[in-house]
Every structure is written in structure tokens, then in C-alpha cells.
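Let's take a walk through this one together, going from a single contact out to the whole assembly and back to a few individual residues. Have the model open and ready to turn.

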2 protein chains.
Amino acid sequence: MQIAVLLYPGFTALDAIGPFDTLSPLPGTEVVLVAERPGPVRNESGNLALVADASLAEVTSPDVVVVPGSADPSGQLGPGPVTEWLQQVDRTTTWTTSVCSGSLILASAGLLTGRRATSHWLMLEQLAAYGVEATGERVVFDGKYVTAAGVSSGIDMALALVGRIAGDRAAQSVQLLIEYDPQPPYDAGSPEKAPADLVAEWRNADLAQLVKPQPID
Amino acid sequence: MQIAVLLYPGFTALDAIGPFDTLSPLPGTEVVLVAERPGPVRNESGNLALVADASLAEVTSPDVVVVPGSADPSGQLGPGPVTEWLQQVDRTTTWTTSVCSGSLILASAGLLTGRRATSHWLMLEQLAAYGVEATGERVVFDGKYVTAAGVSSGIDMALALVGRIAGDRAAQSVQLLIEYDPQPPYDAGSPEKAPADLVAEWRNADLAQLVKPQPID
């Protein structure tokens, strides 16, 4: 089984790596980082580069696709190599998945039209604008399309996916291996739970500004 | 403030990226990936490379150091460039931290002797052998030394650290941004909670074998 984790300039690292390290222990699985071209791909803040080991052209029939999000995914919305690749590989995937605003990229490619899906809590309106039934749930399965909410939710999504692919015991095994027994020191991880003024502050923030690129390359 | 996240051949990606993306939103902070030499550094399975943007020699006085773990950290235990660098920068850090078996690397450098610390649940005996008061807690503060349990616990550790560095509100803000409202689909994330036979299976497993390197470079 081949699992392709997509990289593109401006991606959020944890969106990609949460699922990456949760799916990697699956037996008989190759997990590969893919991008338009092989080589380093910088994240949204420019302070990290992950290496794509394969080009989109080299990965033509992955079983699972994971699309991470970005504070500013606009560069991947609309026609372009990523959209074309997603439309092509989606024809034969078993699971097409996203984390955070990665669902906007899937939606923009027309893959979520009329489906239930989730995204980062700040991106749900934008998701709905693509004709998607946007929900604030943390992980949403709709057929073979699996979407996760913001950033850290990719771990929950990937664990659920391991369960569907290899059974509950395999998923529990991975959970134990990555010691995923979360104990956040605060209870502010969703707009329903965080202080209302913080939520309002983020609603008014310019996310793309927040993660001002600091180019190093 | 400079935060240095250490990379070395065989590191676990999520150990590094959980704290990376939790600490990155801190205002006025530079987070840099460092390794013995700049350039791509492969993870334990060989299926991912992160780029070190700076060499150890270039990062001489970080305020915070994060040491990720590995399924097989043995290459970093004992004398060597990483140990020397840790001993040197620890003299001036505000916080010296680790995730997973990263605490073995700190302990091997003599930085945790006589202190309370944690590690991956499978590594606690090895940690104790360094004269450390090893505990199975998820995040342990002892003075400026902060250690986290296995892999995913680096997110909890980094959130707690944001709270100490910038206050509760800043930490809640980051938690909301990364939507860290964990909802694992299983409750098997610790040896106390997982099925006993699974725990026994892992205790008998050869972790280094599990993540057989598949060199790509």
C-alpha cells in the first residue's frame, strides 16, 4: 500500500507529520512525501523545509492521499499541477484525506462537492462556499473522503484511518507506540472551549500575516 | 528568543514537529532546525528528510533546545558532536527539553543526573540507568529541564512551555490556533490504558527493527 503525503510551498508541517508518523507504522506500507518537484519544500513560515522524495508525476496511483493545510492555501486553489494531480489520483485512491485547510484544496479540485467535510475552524465558511456541507467536527468520514479539523487533528484522523484499514487492534498498537494519551495543560483547543475574546481575536486576525514567511533558501 | 530543534540521523519526525509548530507561533521567536551539518537529515525509517538550516557550530547560544527521540537513539549516546554541543549550549539555555527517547540523549550528556525526567514508556528503565529519577508522567518539569513522554507528548510539553514563557493566554491562543482538542478514537495511548497483551507485545519488540531504515538517499 502506498500513502502519499502532499507537500507544497507554504504547507503546515504538523498537518503533514501527524498523519505521516501515525500511518508509517502500518505494516506493508510505503509512505512517501510528494511535491510538484522533488527536493526541499518550505513551510508557511519559511523556517522549515521537508524534502519531497518524489514528484507528482512519479506517484500516479497512491492508495491513500493526505493533503495538509496552510495558513494561506490560496496558491493551491484553482487550476494548477496540484489540482490536476489530485483529480487524477483520486480516481483510484482508496482514501482521499486532508488536514486543516487541506480540505479547501480538495474542495477546489471538486472532490468534496455535496459531501460532508471539516476544516480548520477559521476556514469552515470558505469550505462551505465550495458547495460542501461544512461541519465543525474533528474528523469526518464521507465515503472514501476523510477530512480533519485544524493542524493537530490529523493525528486523530490518521488513527481512525488505521482502524479502518487494519482494524482496531492495529490502531491501538500505533496509539500506544506514539504514546498518544493527550493531556493538554489547557482546555482551549476549539472555539467552543477557548475564551470568547481569544476566539474573536483569531476571527479578526490575518492568518497569512501571522505566519509571515522568513525565506531562508 | 531562539529555539533550536535538534536533528540527527534516525530522529522521529513527530517528536520534532509537534514542539516545532507549537512553539513557532510565539511572538519574537526564531525556531531553527539544527544538525551536525546543514542539509537533509533522514528519520528513523528513512522515508522522510527534514532540512537542517544551521549547523551545530552556527547555533551557540539558543534560549531553548528541543531534543527529539528515536526508536534507536544509540548513535547519539556517549561522546560525540551532539553530546558536546548539548553540554555547551546547556550552560546558557533558559530551557533544555526533550521528547521521547531524546531524554536518553540529555541523560547521556550528564544533564539529567539526579533529576526527575520522563521518556517513551519503553525507555524508562534505560533512562533510570543514567542516574535519573525516571517517571512515567507525560510532561516533567525539573528546574529548566523539561522532558516529555513518547512521540505525541511533545505537543503537551510545548504548550506547557509556551505557558511558562509567555503566559496562559498565549498558550491557550496557540492551542486554539493548532486546534488541539484531542479526540483519539481509541483509549490505548499509555501502557496503563492499552490492552495488556498489546503492551506485552511492544515490551518484547525490537523497536529498531520495527522502523527498518529504507534508505532513499
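Start with one pair: Lys193(B) and Asp181(A) form a salt bridge, with their closest N and O atoms 2.6 Å apart. Keep in mind that you're looking at a predicted model. Side chains of opposite charge can pair when their charged atoms come close. That pair has company, since eight salt bridges turn up across the interface of chain A and chain B. Counting over all chains, the whole structure has 20.

Another of these pairs is worth a look. Glu201(B) bridges to Arg169(A), with the closest N and O atoms 3.0 Å apart. Glu201(B) sits in helix α7 (residues 196-203) of chain B and Arg169(A) sits in helix α6 of chain A, so this pair joins two chains. Neither partner is hidden away: Glu201(B) is partly exposed, with a relative accessible area of 48%, and Arg169(A) is partly exposed too, at 35%.

Now zoom out to the interface itself. It draws 65 residues from chain A and 65 residues from chain B. The size of an interface is often given as the accessible area lost when the parts come together. Here the area buried between chain A and chain B is about 5,800 Å², and carbon and sulfur atoms give 58% of that. On the chain A side, the residues that lose the most area to chain B are Leu176(A), Glu179(A) and Tyr186(A), which together make up 14% of what that side buries.

Polar contacts run across the interface as well: 46 residue pairs are in polar contact between chain A and chain B, both residues being at pLDDT 80 or more. Which parts of chain A do the touching? The elements that each supply at least two residues to the side facing chain B are α1 (13-23), β2 (30-35), β3 (39-42), β4 (49-52), α5 (153-166), α6 (168-177), α7 (196-204) and α8 (207-210). The biggest giver is α6(A), with eight residues. Sort that whole side of chain A by residue type and you get 36 nonpolar, 16 polar and 13 charged residues.

How do the two chains relate to each other? A turn of 180 degrees, with a shift of 0.0 Å along the axis, lays chain A on chain B with an RMSD of 0.0 Å. That is the relation of a two-fold axis. If you want to find the axis in your viewer, go to Leu50(A): within chain A, its C-alpha is the nearest to the axis, at 2.3 Å. Both copies use the same surface, and 100% of the contact residues of chain A recur in chain B.

Next, turn to chain B and pick out Val34(B), in strand β2 (residues 30-35). Is Val34(B) buried or exposed? Val34(B) is buried, with a relative accessible area of 0%. Leaving out neighbours within four places in sequence, the contacts of Val34(B) are Ala4(B), Val5(B), Leu6(B), Leu7(B), Ala52(B), Ala54(B), Leu56(B), Val59(B) and Trp85(B). For a sense of spacing, Thr22(B) is 12 residues from Val34(B) in sequence and 17 Å from it in space, C-alpha to C-alpha.

Finally, some salt bridges within a single chain. In chain B, the side chains of Asp142(B) and Arg115(B) meet at 3.1 Å, N to O. Asp142(B) belongs to strand β10 (residues 139-142) and Arg115(B) to the loop between α3 (102-108) and β8 (116-117), so the pair ties together parts that are 27 residues apart in sequence. Arg115(B) is partly exposed, with a relative accessible area of 26%. Over in chain A, salt bridges that share partners link Arg116(A), Glu133(A) and Glu137(A) into one network.

Asp142(A) also lies in a strand, β10 (residues 139-142) of chain A. The side chain of Asp142(A) makes a polar contact with that of Arg115(A), at 3.1 Å. Setting aside residues up to four places away in sequence, Asp142(A) touches Arg115(A) and Arg116(A). One last chain A pair to look at is Glu36(A) and Arg37(A), whose side chains meet in a salt bridge at 3.7 Å, N to O. Glu36(A) is partly exposed, at 42% relative accessible area, whereas Arg37(A) counts as exposed, at 58%.

Notes: Residues are numbered from 1 along each chain as its sequence is written. Chains are lettered from A and ligands numbered from 1 in the order in which they are written. This is a predicted model: local features need pLDDT of at least 70, side-chain atom pairs count only at pLDDT 80 or more; totals for chains, interfaces and linings use all residues. Side-chain values use heavy atoms; hydrogens and water are left out. Copies are superposed by least squares on the C-alpha atoms of residues with pLDDT of at least 70 in both. Contact means heavy atoms within 4.5 Å. Buried area is the accessible area (1.4 Å probe) that two parts lose on being put together, summed over both. A salt bridge is a side-chain nitrogen of Lys or Arg within 4 Å of a carboxyl oxygen of Asp or Glu. A polar contact is a pair of N or O atoms within 3.5 Å; within protein, one must be able to donate a hydrogen and the other to accept it, and residues adjacent in sequence count only if both atoms are side-chain atoms. Helices (H or I, at least four residues) and strands (E, at least two) are DSSP runs, numbered from the N terminus. Ala, Val, Leu, Ile, Met, Phe, Trp, Tyr, Cys and Pro count as nonpolar, Asp, Glu, Lys and Arg as charged, and the others, Gly among them, as polar. Buried means under 20% relative accessible area, exposed over 50%, partly exposed in between (1.4 Å probe, protein chains only).
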